[in-house]
Amino acid sequence: MAVRMHDDEIAHDVDLVRGLVEAQHPAWAGLTIEHLPSTGTDNALYRLGDDLVVRLPPDGPTLFPAYDLSMEVAVQDAVARRGVPVAGPVEVELDAAWL
């Protein structure tokens, strides 16, 4: 079942995420994928295996450009340097081909 948080956004589902993972990260293609219910509206979340999460912006990659993600990573790095454990991106794909 496709998931939408807003009427005008791109629908996401497990099949879409599986296709993205298979195409962009074949080493992870065998991992389980599960939609994670969320009350947030910035990203659709999918668990990938036991240790990873796939985040998809509701309007595709153009809503949150690479600059915004770079800022997020910079803040995570700054917090981590102060001794606070944070989870950060393992891989980042900004390919709009899935639209």
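1. Read from one end of the sequence to the other, the protein chain follows the pattern α-β-β-β-α. That makes two helices and three strands. The model is a predicted one, and the points below should be read with that in mind.

2. On confidence: the protein chain averages a pLDDT of 78, and 70% of the residues score at least 70. Among the elements of the protein chain, strand S1 (residues 33–36) has the highest confidence, at 94. Helix H2 (residues 66–81) has the lowest, at a mean of 78.

3. The three strands make an open sheet in the order S1-S2-S3, and the pairing is antiparallel. S1 and S3 stand at the edges with a single partner strand each, so one side of each has no neighbour in the sheet. From one strand to the next the twist averages 30°.

4. The two pairings can be taken in turn. S1 and S2 run antiparallel and are joined by four bridges; here Leu 36 stands opposite Leu 45 in S2. S2 and S3 also pair in the antiparallel sense, over five bridges, and in this pair Leu 48 stands opposite Leu 52 in S3. Strands of a sheet pair in this way through backbone hydrogen bonds, whether parallel or antiparallel.

5. S2 and S3 form a hairpin, with three residues between them. Gly 49 lies in the turn and has a positive phi of about 65°.

6. Side chains along S2 alternate between the faces. Ala 44, Tyr 46 and Leu 48 point to one face and are buried. Leu 45 and Arg 47 point to the other face and are not buried.

7. The largest nonpolar core has ten residues: Val 17, Leu 20, Val 21, Ile 33, Ala 44, Tyr 46, Leu 48, Leu 52, Val 54 and Leu 56. Two or more residues each come from helix H1 (14–24), strand S2 (44–48) and strand S3 (52–56). The three buried residues of S2, Ala 44, Tyr 46 and Leu 48, are thus named again among the members of this core.

8. Val 54 shows how the core is connected. Setting aside residues up to four places away in sequence, Val 54 touches Val 17, Ala 44, Leu 45, Tyr 46 and Leu 48. Of these, Leu 45 points to the face of S2 whose side chains are not buried.

9. For the chain as a whole, 23% of the 99 residues count as buried. Of the contacts in the protein chain with a separation of 6 or more, 42% are between residues 24 or more positions apart.

10. Gly 30 is in the loop between H1 and S1. With a relative accessibility of 76%, Gly 30 counts as exposed. Gly 30 and Arg 18 are twelve residues apart in sequence, and their C-alpha atoms are 9.1 Å apart in space.

11. Gln 76 belongs to helix H2. Its relative accessibility is 17%, and the cut-off for buried is under 20%, so Gln 76 counts as buried. A polar atom of the Gln 76 side chain lies 3.1 Å from the backbone oxygen of Ala 87. Leaving aside neighbours within four places in sequence, Gln 76 is in contact with Val 86, Ala 87, Gly 88 and Pro 89. Gln 76 sits in the helix that has the lowest confidence, at a mean of 78.

Technical notes. Residues are numbered from 1 along each chain as its sequence is written. This is a predicted model: local features need pLDDT of at least 70, side-chain atom pairs count only at pLDDT 80 or more; totals for chains, interfaces and linings use all residues. Side-chain values use heavy atoms; hydrogens and water are left out. A nonpolar core is a set of buried Ala, Val, Leu, Ile, Met, Phe, Trp, Tyr and Cys residues joined through side-chain atoms within 4.5 Å. Buried means under 20% relative accessible area, exposed over 50%, partly exposed in between (1.4 Å probe, protein chains only). Contact means heavy atoms within 4.5 Å. pLDDT is the predictor's confidence in each residue, from 0 to 100. Two strands pair if DSSP finds at least two bridges between them. Axes are lines fitted to C-alpha atoms, for helices over the stretch in contact, and angles run from 0 to 180 degrees between N-to-C directions. A polar contact is a pair of N or O atoms within 3.5 Å; within protein, one must be able to donate a hydrogen and the other to accept it, and residues adjacent in sequence count only if both atoms are side-chain atoms.
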